[in-house]
Amino acid sequence: QVQLVESGGDLVQAGGSLRLSCAASGSIFSINAMGWHRQAPGKQRELVADITSGGSTNYADSVKGRFTISRDNAKNTVYLQMDSLKPDDTAVYYCNVDVRVRPGISLNYWGQGTQVTVSS
C-alpha cells in the first residue's frame, strides 16, 4: 500500500504565492510520473502540471510561467510552487503519483486534496 500526504494549501491574496508538497510512502519500488491536478467547484478535475522520473515537465496553458513543478526523488516528494496566483486558481489540488510497486507492476494513487483559495 502507498500513502500520499499533501500539504501547503491555504488562503492567499491574488498575486501571492504558495508551495504545495506531496510525499509518498509505503510499498514503493520506484516512482514514475508525479503530478498535480485541481478541481474547482462545479468543474471537472484538470491537469495542472506533471513531471516524469527524468525531470521532464508539462504544464496546463493557464499556469505556464506562474507555476513550477519539481520533485525530490530521495524523498519521494513532488512540489508545486505557485506564484502570481489568481482567483481562478481557487480549487482543491490533488497530487497524483504513478508508483512502480515491484518490477513490472505500476499503480496510480491520488492524494486526499488540499484547498487553495485565492481572494481578489
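In this predicted model, a disulfide joins Cys22 to Cys95, with 2.0 Å from sulfur to sulfur. The two cysteines belong to distant parts of the chain, 73 residues apart: Cys22 is in strand β3, which covers residues 18–26, and Cys95 is in strand β9, which covers residues 91–102. Both Cys22 and Cys95 are buried. The count of disulfides comes to 1.

The two strands joined in this way also take part in the nonpolar interior. In soluble globular proteins, nonpolar side chains tend to be buried together. The largest nonpolar core of this model has 32 residues. Within this core, the residues with the most contacts are Trp36, Leu80, Met82 and Tyr93. Several strands give two or more residues to the core, among them β1 (2–7), β3, β4 (30–39) and β5 (46–51). The others are β7 (67–72), β8 (77–82), β9 and β11 (114–119). Strand β9 gives the most to this core, with 6 residues.

Met82 offers a good place from which to look around the core. When neighbours within four places in sequence are left aside, Met82 is in contact with Gly16, Ser17, Leu18 and Leu20, and also with Arg66, Phe67, Tyr93 and Val116. One of these partners, Gly16, is found in the loop between β2 (11–13) and β3. Is Gly16 buried or exposed? Its relative accessible area is 18%, and because buried means under 20%, Gly16 counts as buried. Along the chain, Gly16 and Met82 are 66 residues apart, whereas their C-alpha atoms are separated by 8.3 Å. Apart from residues up to four places away in sequence, Gly16 touches Met82, Asp83, Ser84 and Leu85.

Ser84, one of the residues touched by Gly16, lies in the loop between β8 and β9. Ser84 is partly exposed, with a relative accessible area of 42%. Its backbone has a positive phi of about 50 degrees, although Ser84 is not a glycine. Asn76 also has a positive phi of about 50 degrees and is not a glycine. The place of Asn76 is in the loop between β7 and β8, and at 23% relative accessibility this residue counts as partly exposed.

Strand β9 deserves a further visit. Asn96 lies in this strand. Which side chain does Asn96 meet in a polar contact of 2.6 Å? The partner is the side chain of Asn108. At 11% relative accessibility, Asn96 counts as buried. Leaving aside neighbours within four places in sequence, Asn96 is in contact with Ala33, Met34, Gly35 and His37, together with Asn108, Tyr109 and Trp110.

Asp98 lies in strand β9 as well. Asp98 is partly exposed, with a relative accessible area of 22%. Its contacts, not counting residues up to four places away in sequence, are Ile31, Asn32, Ala33, Ser106, Leu107 and Asn108. Ala33 and Asn108 are thus among the residues touched by Asp98, and both are also in contact with Asn96. Asp98 and Asp10 are 88 residues apart along the chain, and their C-alpha atoms are separated by 26 Å.

Strand β11 contains Thr114. With a relative accessible area of 10%, Thr114 is buried. Residues up to four places away in sequence aside, Thr114 touches Glu6, Ser7, Gly8 and Gly9, as well as Leu20, Ala91, Val92 and Tyr93. Two of these partners, Leu20 and Tyr93, are in contact with Met82 too.

The aromatic rings remain to be considered. The structure holds 0 aromatic pairs. Two rings, however, have an arginine over them. The charged end of Arg19 sits over the ring of Tyr79, 4.0 Å from the ring centre. Arg45 lies over the face of Trp110, at 4.7 Å from the ring centre. Trp110 has already appeared as one of the contacts of the buried residue Asn96.

Definitions and conventions: Residues are numbered from 1 along each chain as its sequence is written. This is a predicted model: local features need pLDDT of at least 70, side-chain atom pairs count only at pLDDT 80 or more; totals for chains, interfaces and linings use all residues. Side-chain values use heavy atoms; hydrogens and water are left out. Rings of Phe, Tyr and Trp (its six-membered ring) pair if their centres lie within 6.5 Å; planes under 30 degrees apart count as stacked, over 60 as edge-to-face and the rest as tilted. A charge sits over a ring if NZ of Lys or CZ of Arg is within 6 Å of the ring centre and within 35 degrees of the ring normal. A disulfide is a pair of cysteine sulfur atoms within 2.5 Å. Helices (H or I, at least four residues) and strands (E, at least two) are DSSP runs, numbered from the N terminus. Buried means under 20% relative accessible area, exposed over 50%, partly exposed in between (1.4 Å probe, protein chains only). A nonpolar core is a set of buried Ala, Val, Leu, Ile, Met, Phe, Trp, Tyr and Cys residues joined through side-chain atoms within 4.5 Å. Contact means heavy atoms within 4.5 Å. A polar contact is a pair of N or O atoms within 3.5 Å; within protein, one must be able to donate a hydrogen and the other to accept it, and residues adjacent in sequence count only if both atoms are side-chain atoms.
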